[in-house]
Amino acid sequence: MHGSWTTTSIDGKDADVFTPDSPRSDRAVIHLHGHGLTTLKDNEAFSKELNDHGLRVVCPHGQRSWWLPEICSEFDAELTPFDYVRNNVVAWIGQNWDVQTPNIALTGISMGGQGVIQLGYRCGRDFPILAAISPAVDFHDWWGQGLPLDEMFDSQELARQQTSILHLQPLNWPRSQLIVCDPADADWIHSSERLASKLYSSGIPFESDFETSNGGHSWDYFNVMAPRVVKFVSDSLDAESMRIV
């Protein structure tokens, strides 16, 4: 294993933390997990890339909350997962690593992929860098299947109104965006392509990969995208630091 993983508590909630062998002191990454709740902890493919680029990472545990600015009792009865990441996790990074936004990049997979898009689109000045792997953009399609979404929203339409495409700010978007999805991912490729079309028609710069295929919506695909995603994040953080200077 490259670097080391530990588990800590951020305001009473677990988070997995990655420390590379030679960490860069001026940057950090928040990674949001998918609906299966698997973080990057002990993942060899991502750990190698993160270690090579010297990136410290926090993977908060968000349960099946979709990382939205909505109360999800499975996560917390009073605090939304969106606010927890934006405020509590960011504050922890500042206190422990002395890194502040906008030098904190966002990555996420599936449910977490749409979560980082939500954060980036609603808070573009704080989070100018995001990389979404197989993002579950049209999560409202899963409403009515007995998941926490049913408790969070009274109807599928109310869930749809909280999807990230409807919260894209024409004058406040992330400067660096990467969206990737396996074309064999039957659940999420179409909404990922629709998001890309919206960005393109709005004149918002982004990078995408909807051609690489390796197992559909699976860790086989997620892992094969690790080099592309981590390099994008590292390069974008380099560019952001130069912009700040």
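The radius of gyration of the protein, taken over C-alpha atoms with a globule rule of 2.2 Å times the number of residues to the power 0.38, is 17 Å, which agrees with the value near 18 Å for a compact globule of 245 residues. The structure is a predicted model, in which local features need pLDDT of at least 70, side-chain atom pairs count only at pLDDT 80 or more, and totals for chains, interfaces and linings use all residues. Residues are numbered from 1 along each chain as its sequence is written, and side-chain values use heavy atoms, with hydrogens and water left out. Along the principal axes, the C-alpha atoms fill a box of roughly 45 × 40 × 35 Å.

Eight helices and eight strands are present (DSSP runs numbered from the N terminus: helices, H or I, at least four residues; strands, E, at least two). Of the 245 residues, 56% are buried (under 20% relative accessible area, 1.4 Å probe, protein chains only).

The largest nonpolar core (buried Ala, Val, Leu, Ile, Met, Phe, Trp, Tyr and Cys residues joined through side-chain atoms within 4.5 Å) holds 50 residues, of which Ile30, Val58, Ile93, Trp97 and Leu195 touch the most other members. Elements giving two or more residues to this core include strand S2 (13-19), strand S3 (28-32), helix H2 (81-97) and helix H6 (189-201). Helix H2 gives the most, with eight residues. Leaving aside residues up to four places away in sequence, Val58 is in contact (heavy atoms within 4.5 Å) with residues including Ile10, Val29, Ile30, Trp92, Ile93 and Trp97. A second, separate core of 25 residues includes Trp5, Leu40, Met225 and Val230.
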